[in-house]
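Biologist: I'd like to learn how to read a model like this one. Could you walk me through it?

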Amino acid sequence: MTDFHRVTAVFSVAPHLGADDIARAAKEGFRVLINNRPDSEAAGLMLSAEAEQAAKAAGLAYYSLPFAGPPPPAIVARTETLLEQAPGPVLAYCRTGTRSITAWAMAQALAGEMTPDEIIARAAAAGYDLSGARMALQGLYPG
C-alpha cells in the first residue's frame, strides 16, 4: 500500500501507484489522478494506459502529464489549469513523488497562490525537500 502525502487540503502526492492504490484513492475522496511518470522510466510499473483504465473504473478523472527532470513550462501550465479546474481533491504521482510535488510547486508559484517559502514549507511537511528549487519558484512567483 502506497502512502499518499497530503500537501494541502486538495492536493496530495504519492510514489508510483498500483491498481489497488488507485481504487483506495477514490474511496478516500480523490477525484482527479495525475500521472507524471513516463512509461519508459522503469520496467514492471503500471503503464499509463493501465492506470487510466484503473482510474476510470474507480470514477477518477485521469491525466497523463509525463516528464523527466525539471517540469517543462507546458507541464507547469497544464498542472496549474488542472488544479484550478479540479472537481475535488487531486492525487499526483510519479516514481517517488518528487516530480509531482515539483510540478505542483511551480504551478502554485506561477499562479501566485503561495509564496515560495510557503510552497517549500508545505512540501517539507509532506516529506519533500524543495529548497533547491527556491530560485525557480521565485522566478515564477508574480508577487
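Modeller: We'll start with the whole chain and then turn to one helix.
This is a predicted model, where local features need pLDDT of at least 70 and side-chain atom pairs count only at pLDDT 80 or more, while totals for chains, interfaces and linings use all residues. Residues are numbered from 1 along each chain as its sequence is written, and side-chain values use heavy atoms, with hydrogens and water left out.

Biologist: What does the secondary structure of the chain come to?

Modeller: Helices (H or I, at least four residues) and strands (E, at least two) are DSSP runs, numbered from the N terminus. Here there are six helices and five strands, and along the sequence they follow the pattern β-β-α-β-α-β-α-β-α-α-α. The radius of gyration, taken over C-alpha atoms, is 14 Å, close to the 15 Å that the globule rule gives for 143 residues, so the chain is as compact as a globular protein of that length. That rule is 2.2 Å times the number of residues to the power 0.38.

Biologist: How many of the residues count as buried?

Modeller: Buried means under 20% relative accessible area, exposed over 50%, and partly exposed in between, using a 1.4 Å probe and protein chains only. Of the 143 residues, 46% count as buried.

Biologist: Now a single helix, please. Which residues of H5 are buried?

Modeller: A general idea helps: an α-helix has 3.6 residues a turn, so residues three or four places apart point the same way. In H5, which spans residues 116-125, the buried ones are Pro116, Ile119, Ile120 and Ala123. They cover an arc of only 95° around the axis, which puts them on the same side of H5. The arc is that of the directions from the helix axis to the C-beta atoms.

Biologist: And which exposed residues does the face turned away from the buried side carry?

Modeller: That face of H5 carries Asp117 and Ala125.

Biologist: What covers the buried residues of H5?

Modeller: Look for contacts, meaning heavy atoms within 4.5 Å. The cover includes helix H4 (98-111) and helix H6 (134-140). After H5 comes Gly127, with a positive phi near 100°.

Biologist: Let's take one residue of H4. Is Thr102 buried or exposed?

Modeller: Thr102, found in helix H4, is buried, with a relative accessible area of 14%. Not counting residues up to four places away in sequence, Thr102 touches Pro71 and Leu130.
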